[in-house]
Amino acid sequence: MAAVVLALVGSARGLGPSAERGDFDAESGASRANYPPHRTADILHIALDVTIPEMNRREMSVVQRIRLKPLGGELAELTLNQAGLDIRSAKVGEEEADFEVDNDAETVTFLFATPLAAGRESTITLEYRVSEPSDGVFWTTETGGVGGAAGRPAQLHTQGQPESARCWFVCHDFPNERQTTEITATVPAGFTAVSNGRLESQTASVGGGLTTFRWVQDRAHVSYLVSLVVGRFESVDVARGGKIAMPVYVPVGRGTDVPGTFGRTAEMVGLYERLFDEPYPWAQYAQVVVDNFAWGGMENTGATTLYHHAVMSERERADATSEDLIAHELVHQWFGNLVTCASWEHAWLNEAFATLGEALWWEFGAGGRGAAADGDGGGGGVTAGLARNLDAYQWWLLGMRGGLLESDHAAAPAALGMATKVYAHANDVFEQDANPYTKGAWVLHMLRRRLGDEAFFRGVAGYLDAHADRSVETFEFRRAMERAGGVSLARFFDQWVVRPGTPKVGVEVAWDAEASRLRLRAEQRQPIDGANPAFAFELPVKVLVAGESTWREVRLAMDGRSAEAEVALPGEPSVVAVDPDLDVLADVEVEQDAGRWIVQLREGPTYAARVQAAGHLAKATGLPDGAASAALAKVVLDAGAHHGLRSAAARALADRATGQGKTDGPRDASALDEVMALSGTAIEEPRTRAAVADAIGRAGDGAEDAAVRGRAVDVLTAWATGDAASGVRAAAIASLGRLRAAEKVDVFRAALATRTHDARVERAALGAMADLDSPAVVEDVLRATGAGFDPFARAKAADSLARLARHDREKVFATLSALLDDGEQRVALAAGEAMSGLDDRRVGEVLERRSRLARARFDRHMAGVWLRAWEGRGKK
Amino acid sequence: MGRMPWRRRSGRRAWTLWAAAAGFTIVGWAGTGGAADDPRIDAATGRDLRAWPAERSVEVRSAVIELEVVDPGRGAVSSVVELEVVPLGSGRERLELDAGERVLVDRVTVDGASVRFTHDPGAGKLRVEFGRMVGAGESVRVRVWSTGEGLGSDGAGLVWVEDDPATAGADAEMVAAQGTGVWLPSVNETAGGTRTELSVTVPDPYEVVAAGSPASLTRTVGKRTYRFAIGERARLSGLGLAVGVFEAGVGGGVTSGINAGVVAPAGLGAKAGAVLGRGGEMVAFFEEVFGEPLAWTGGGGVRRVAQVVSRSVPAEGGAVVRSGVVVWPAGVLDQPAAEVEREQAEALARQWFGGVVWARSDADAWVMDTLAALGGAMWVERQRGREAYLELVREAVIVESAAGSGRRAPLDGGLTTRLAASGVGDRGARCLAIGHMLRTRLGDAAFVEGVRAFLRANRFADAETDDFRVALEGASGQSLERFFDQWVHRPGSAVIEVEPVFIADGAGESAGALRVRVRQTQVIDADNPAYAVVVPLVIETAEGTANLDVPMHTRETETMVMVPGRPTSVRVDPEATVLGRLTVVGEWANATGVRP
């Protein structure tokens with residue numbers, strides 16, 4: 001599944017060391033681990049004949065054929081998954097077969113009068129109806145226009161991952177089984193049906209009222225990747241004459257935005273084919289932009305589904321892109337689809353590669369500043385000679401690291417590792433603290449650093465070769481990398497993949513001028529015990545002696561709480577950069593002479609080293625007045641620097657100005673001056689400008705001088721209303737909210753009326769309104785939860801509404817309660833999340849009832865998650 | 001490959017001694033708690049104390065070993081070893097070989113040029129400088145000249161007995177036991193096999209036994225040189241070698257196309273043939289079951305495993321099992337053949353599990369031990385019937401249930417523990433019990449196919465526990481992760497009470513229901529959850545016998561079954577499909593085969 005655009009829900013866990021063990025039911029004594037289901041038959045092929053006579057009536061009839069072969073012995077009965085299907089008949093060959101439906105277990109069991117012979121193929125034919133699907137099929141009927149905006153035509157898309165394919169066809173709904181598929185979809189004329197594989201035929205019915213699309217997927221894949229989308233689309237092919245078709249299906253009228261948004265897809269395919277040494281595996285690569293999609297994208301085999309903002313206008317593309325999302329889903333076509341996690345425990349293998357794929361696109365594909373032929377990074381093999389942008393690569397990695405270091409605690413066994421069998425719903429795996437996206441990508445990055453590019457990519461290619469068309473487990477990936485690297489990685493995988501947590505490392509840097517020696521002492525400061533031993537890693541330190549131009553490297557080998565090293569140098573170092581290439585997923589705090597940070601900010605060996613310097617300068621003391629602020633401001637204004645570094649410098653300035661950063665410190669008046677000076681300086685790069693807008697808001701909020709606040713409000717108002725970049729407008733509006741600029745409520749209202757990418761401006765306005773904490777805005781926010789607003793804005797409105805609840809408890813409760821059943825999944829999920837924070841006892845009743853009675857298993861599960869969050873809200 | 005389980009003593013198999021023989025120290029820490037006592041971590045430094053698999057930094061494609069046994073009675077040899085080495089992963093400037101503390105290295109060349117080297121006797125490592133960067137995948141030939149005497153200790157390296165001056169003739173003997181690197185510069189940890197040529201020169205009148213048949217025998221004055229071409233890619237650290245003056249065992253060992261002949265010190269040939277003479281039949285049996293021919297060949301394409309009886313192997317020890325060679329202590333000949341039979345079959349099964357596929361690390365060695373132990377038991381089944389097989393399994397279950405009682409995660413480890421001490425009670429017994437449980441659960445056809453698939457997929461390479469599981473899952477379609485979690489990775493065993501109560505249907509006892517409560521009474525906690533098992537019951541009534549399977553995964557479960565009359569007996573798990581103590585309590589307590 002794709003990186004989410006917005007956080008959907010809170011973690012289902014968040015267990016601390018003292019919390020009850022999630023993997024054990026103390027009452028019954030049973031393990032709560034989820035083990036893969038048995039495969040009693042090898043499912044060879046599934047054919048679905050789907051008929052949808054009317055798109056505004058949420059019902060489809062299906063004839064399904066399942067060709068299978070018993071495994072292990074003859075088969076007297078076969079249990080497969082189904083959820084809510086109205087099964088009318090079942091046959092084996094030409095004979096009627098008995099079947100038993102268990103809706104609690106979401107299964108159907110076929111009882112064979114004559115057992116199916118071991119090793120012999122049989123075919124089961126089923127007829128059933130899917131009516132008013134509540135999960136697995138997201139089917140929105142036609143909507144009328146609101147406020148002059150056009151309505152949406154009816155549309156449906158399926159979503160199989162993790163275990164919802166059963167909601168529209170009978171299957172072994174677990175990724176340890178693969179089959180070929182074919183889908184024949186008969187839909188009303190004017191609608192297009194898109195599915196996996198190649199389009200074999202498209203025929204109009206007699207009379208022309210219906211159209212039948214026949215899609216054939218003749219390379220086996222797992223059930224959760226089977227897809228069907230039906231809607232009114234226009235399609236633009238972005239293959240640019242390549243080997244395979246690459247149609248992009250977008251809402252009618254958006255075709256002109258396709259080349260600008262998706263135009264580099266073929267280039268991406270070429271890059272990944274090279275990096276993975278494996279041709280794109282499927283018959284075509286379709287990308288389908290749909291409505292009512294709660295995630296960013298879903299990598300259905302050869303037919304990715306994308307959320308509605310994925311297609312972007314030229315104006316939206318000025319400071320936003322869908323390329324990371326496109327890259328992510330595309331990489332899944334190899335990792336997830338060609339090679340699939342055998343169970344959800346191993347889902348990180350899917351998501352890690354897809355997420356790293358984004359970073360690789362920024363490094364090798366997106367080009368830009370810093371590009372150099374085969375620069376640093378041990379480039380060899382497939383990466384040799386590729387232009388690369390390591391700044392962009394490290395920017396992406398650091399962006400993924402922040403939240404991870406805060407949430408992923410070394411607290412086994414209560415906390416769970418990334419590869420775990422313990423989850424209440426398979427969806428939890430994708431949301432867990434030791435996150436398969438971010439931590440997974442970091443694990444791969446660390447492997448890349450450890451093995452070097454040549455061995456790393458050789459290992460990846462070997463992994464694909466060995467396991468193509470198979471479902472895999474983590475150990476099989478490890479073995480492939482061990483073979484390629486000639487190393488033992490059992491410990492590496494144990495500590496980074498199986499165990500939870502990351503190290504917190506303090507490094508003391510001391511210069512002994514008399515002995516001309518550099519002394520380094522590193523200490524792991526996270527809790528260490530038998531279940532969470534010290535991590536083992538090498539921490540690289542790059543040293544630049546003043547007056548020299550060559551970097552020296554020291555590697556601190558750690559496998560216990562502390563390690564020390566002493567290095568003789570010809571002179572005092574001007575820079576001591578700890579882990580500048582991000583070899584270790586750790587929260588590193590360095591204590592050294594503050595003057596070195598200024599040099600490192602300017603001359604650090606890598607992007608990451610310079611960002612690290614900015615972070616430490618946010619609180620550094622002992623420097624001459626204004627020195628840190630001036631250095632940071634200079635970086636903010638450095639048009640040649642990566643926007644991530646410039647933004648980090650802006651954040652650090654705000655930290656100094658307010659004395660409130662990662663750790664609190666004294667306020668630095670010079671930093672406030674620099675921030676306010678930036679407000680009058682032209683900064684071309686929009687993401688840096690947005691960061692400055694944020695810094696102005698923070699600095700203004702903390703300022704004791706009312707005039708400073710007034711000036712900040714003026715500047716921010718101008719940016720909020722006049723900046724060309726929606727990201728800057730959003731940041732300025734958010735800052736006005738932080739300043740509780742009630743006098744600017746009309747600015748927020750005007751912003752709410754705009755339509756921007758991901759509704760970023762509208763969401764900022766709704767956040768700002770909540771910041772005002774005023775009854776005057778309640779009606780505005782209530783209105784934004786309704787029709788006519790983008791689902792992203794509606795979801796944010798639900799959140800803001802909860803924050804404003806004290807001003808109108810009844811309306812807020814009633815609105816959020818109603819939104820729980822909203823047809824837009826994103827909105828419904830946001831409503832549940834918002835309700836879990838309401839101080840209203842009725843919430844418990846609503847959620848408890850929903851956790852028992854909701855039709856869809858996922859809805860019941862999420863209600864339970866919110867209920868537990870609501871029950872624990874006072875403890876947060 | 002490892003050593004055999006130690007043999008029957010005092011009427012009960014001393015399973016536990018296997019662990020000691022394998023280099024483990026058995027110390028219990030069950031019941032200890034708190035960080036200071038936690039065996040997983042060094043409390044002072046926070047270091048993880050688990051042993052992780054060694055690096056496989058090079059592939060050794062081929063080895064040409066020229067060995068001169070200077071004096072077999074002193075474990076003294078000189079050698080020239082030429083290894084074709086290929087760096088894995090990335091280029092390397094140096095190579096680390098294994099070379100024991102008493103190996104004296106004279107000279108090293110790389111592709112014919114002398115290079116610098118450093119021998120660290122304490123660590124048993126020989127570091128060879130290539131003198132240049134050798135790229136990944138690039139092949140170099142490393143040649144090492146060495147000498148040494150007393151090249152082994154504690155059963156590792158070479159073991160030998162001196163020539164007895166009181167007797168006429170030469171009766172010294174020398175055998176290569178575990179750890180080739182102890183006595184010969186080589187690589188102990190390899191991911192793949194090595195095509196090996198072995199040349200051994202011995203003083204007259206000594207003879208040499210190694211894998212396969214000698215390709216040639218050259219005689220010079222006072223010396224003989226045997227050449228063996230071990231064509232398959234054998235595990236270098238499994239190199240087999242025995243030196244002595246032997247006579248062929250009389251009778252047995254040879255069947256069509258298979259030679260598992262026995263040699264023994266002079267005067268013991270007839271006895272050796274009588275006791276160990278069925279090796280050929282056993283090999284044929286395993287070839288059929290495992291679907292893989294014996295790997296080592298002699299002249300004329302005959303598959304050959306040499307069985308040697310040697311006084312150099314400690315009398316109280318089990319067999320030393322090497323590639324193509326099994327060396328028995330002379331004491332084995334004093335045992336009745338029937339008693340030795342299972343152990344012999346097990347030793348020969350290790351020619352596949354240890355010889356064709358070997359454990360990636362100690363944590364995976366249980367796979368080989370299990371398949372070898374099961375192979376031994378299956379041979380017994382073939383010879384003496386199902387009940388004899390089940391008797392072995394039942395005894396193993398009893399032994400491990402008692403020995404492993406009180407062992408609990410996380411402070412005790414299971415068979416796959418990476419801690420220095422195994423947390424299970426009796427390793428050998430547990431391995432046999434687990435092998436049997438897997439066989440029973442999957443059924444013979446799927447189990448055998450899974451084992452064959454495991455061999456095929458990992459032929460002449462190292463393998464891990466998960467490779468074995470995945471092979472079995474692929475053959476059967478069954479998901480075995482829970483099985484492996486609870487029986488292989490965790491220590492301990494189940495303690496299950498079955499309480500049946502007959503509820504008559506109206507007047508009389510002609511029919512009614514049997515309510516069966518099943519309780520797991522072992523310690524259950526988050527680290528040791530209730531076992532997920534199927535408890536088989538055999539219910540006998542006047543009308544006949546019925547089987548009832550009670551699945552459970554919680555502390556307690558209850559089921560009800562209609563019966564035609566009051567049972568005359570209720571027995572639990574007669575085929576030992578659950579590792580644990582299973583007891584029927586209540587009315588039929590005495591009518592069952594209650595285990596201690």
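# Rings, loops and backbone angles

User: Are B:Y226 and B:F228 buried or exposed?

Analyst: We sort residues by relative accessible area: buried is under 20%, exposed over 50%, and partly exposed in between (1.4 Å probe, protein chains only). B:Y226 and B:F228 share one class, and that class is buried.

User: What kind of model are we looking at?

Analyst: Residues count from 1 along each chain as its sequence is written, chains are lettered from A and ligands numbered from 1 in the order written, and side-chain values use heavy atoms, without hydrogens and water. Local features need pLDDT of at least 70, side-chain atom pairs pLDDT 80 or more, while totals for chains, interfaces and linings use all residues, and the model is predicted.

User: What is the angle between the ring planes of B:Y226 and B:F228?

Analyst: Rings of Phe, Tyr and Trp (its six-membered ring) pair if their centres lie within 6.5 Å; planes under 30 degrees apart are stacked, over 60 edge-to-face, and the rest tilted. A search of the whole structure finds 40 such aromatic pairs over all chains. B:Y226 and B:F228 form one that is stacked, 6.5 Å centre to centre, with the planes at 10°.

User: What kind of pair do B:F285 and B:W379 make?

Analyst: Both B:F285 and B:W379 are buried. Their ring centres lie 5.6 Å apart with the planes at 65°, so the pair is edge-to-face.

User: How many residues apart in sequence are the parts that B:F285 and B:W379 tie together?

Analyst: Helices (H or I, at least four residues) and strands (E, at least two) are DSSP runs numbered from the N terminus. B:F285 belongs to helix α4 (residues 279-290) of chain B, and B:W379 to helix α6 (residues 365-384) of chain B. The ring pair therefore bridges parts whose separation in sequence, in residues, is 94.

User: Which Tyr residues belong to the cluster that ring pairs link in chain A?

Analyst: Several kinds of aromatic residue meet in this cluster, including A:W334, A:W348, A:F276 and A:F353. Its Tyr members are A:Y272, A:Y280, A:Y285 and A:Y463.

User: What share of chain A is buried?

Analyst: Chain A holds 25 helices and 33 strands. Along its principal axes, its C-alpha trace spans about 95 × 65 × 60 Å. Of its 876 residues, the buried share is 63%.

User: Which residue follows A:A412 across a cis peptide bond?

Analyst: Most peptide bonds are trans. The bond after A:A412 is cis, with omega near 5°. The residue on its far side is found in the loop between α5 (390-407) and α6 (426-431) of chain A, and it is A:P413.

User: Which residue is joined to B:A409 by a cis peptide bond?

Analyst: Here omega is about 5°. The partner lies in the loop between α7 (386-403) and α8 (427-442) of chain B; its name is B:P410.

User: Is A:D277 buried or exposed?

Analyst: A:D277 has a positive phi of about 50° although it is not a glycine. It sits in the loop between α2 (265-276) and β20 (286-289) of chain A. Its relative accessibility is 51%, so A:D277 counts as exposed.

User: Is A:L582 buried or exposed?

Analyst: A:L582, a residue other than glycine, has a positive phi near 60°. You can find A:L582 in the loop between β32 (573-578) and β33 (587-591) of chain A. At 4% relative accessibility, A:L582 counts as buried.
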